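Reader: I should be grateful for a close account of one part of this model. Please describe its setting in some detail, and state the criteria behind each term.

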Amino acid sequence: MESIGLLLGRVVVGLLMAGHGAQKLLGWFGGYGLQKTGDFFAQLGFRPGRAFAAAAALSEITGGLLIALGLFGPVGPALMVSVMIVAAGTVHWGHGLFASTNGVELPLLYAAAGVALALTGPGPYSLDAWLGIESPWTRATKLIVLGLGIAGGLANLTLRARPAATVRA
């Protein structure tokens, strides 16, 4: 039963994350598409905005599909964690916890799911299991890949241009 639960959770979280990226990249599912999302990213201080928006969208789509398929162990979850760190730190931080105030609830849920999936692995109902490529994903490699995802998200935050501080006389 645990394997079926993991499969269900993986597919739902993965497909929702891929859809989240498709909103940014393609304008699907009520999204704004790459140009408008890029403009928003530029307003947040990520320049060039379109390039950062494309990177975020492709990370969400790729990560989500890898999670849903159960392919390449912690890689998909690490991509999702990386993007959610940036989302939480730039768009949602300072707005409280819950989504009703644009708080960190949604990126926190996705990031927590990503960490959990990276640590547990995709389970027996996955492409990794079907292809017999589960063995590289030891405890150490899972932690390394997850750590790289976290580091990537934090590094991305440092690339953000901060608005100049107003000097008062």
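Author: The answer below begins with one helix, then turns to a cavity, a pocket and several loop residues.

The model is predicted, so local features need pLDDT of at least 70 and side-chain atom pairs count only at pLDDT 80 or more, while totals for chains, interfaces and linings use all residues. Residues are numbered from 1 along each chain as its sequence is written, and side-chain values use heavy atoms, with hydrogens and water left out.

The helix in question is α5, residues 105–120; helices are DSSP runs (H or I, at least four residues), numbered from the N terminus. Its 16 residues reach 22 Å from first C-alpha to last, close to the 22 Å expected at 1.5 Å a residue (1.5 Å times one less than the number of residues). Pro 107, Tyr 110, Ala 111, Ala 113, Gly 114, Leu 117 and Ala 118 of α5 are buried (under 20% relative accessible area, with exposed over 50% and partly exposed in between; 1.4 Å probe, protein chains only). They lie on the same side of α5 because they cover an arc of only 160° around the axis, the arc being that of the directions from the helix axis to the C-beta atoms. On the other side of α5, Leu 109 and Thr 120 are exposed. The cover over the buried residues of α5 includes α1, α3, α4 and α7. Just after α5, Gly 121 adopts a positive phi of about 85°.

Leu 117 and Gly 121 are also among the residues that line the largest cavity. A cavity is a set of points on a 1 Å grid over the protein atoms alone where a 1.4 Å probe fits but cannot get out; a pocket is an open set with protein on both sides within 12 Å along at least five of seven lines, and lining residues have an atom within 4 Å of a point. One cavity of 30 Å³ or more is counted, and the largest has a volume of about 50 Å³, a volume being the space filled by probe spheres set on points joined across faces, edges and corners. Others in its lining include Arg 10, Leu 66, Ile 67, Gly 70, Leu 71 and Pro 122. By class, this lining has six nonpolar residues, three polar and one charged (Ala, Val, Leu, Ile, Met, Phe, Trp, Tyr, Cys and Pro are nonpolar; Asp, Glu, Lys and Arg charged; the others, Gly among them, polar).

Gly 70 and Leu 71, together with Leu 69, are also in contact with Leu 127, its neighbours within four places in sequence being left aside (contact: heavy atoms within 4.5 Å). Leu 127 belongs to helix α6, residues 127–131, and is partly exposed at 27% relative accessibility.

Helix α5 is also one of those that supply at least two residues of the lining of the largest pocket. This pocket holds about 670 Å³ of space. It is lined by 32 residues, of which His 20, Lys 24, Phe 41, Glu 60 and Ala 87 lie nearest its centre. The largest share, eight residues, comes from α4.

In the loop between α3 and α4, Phe 72 has a positive phi near 65° and is partly exposed at 40%. Pro 48, in the loop between α2 and α3, follows a cis peptide bond from Arg 47, with omega near 0°.
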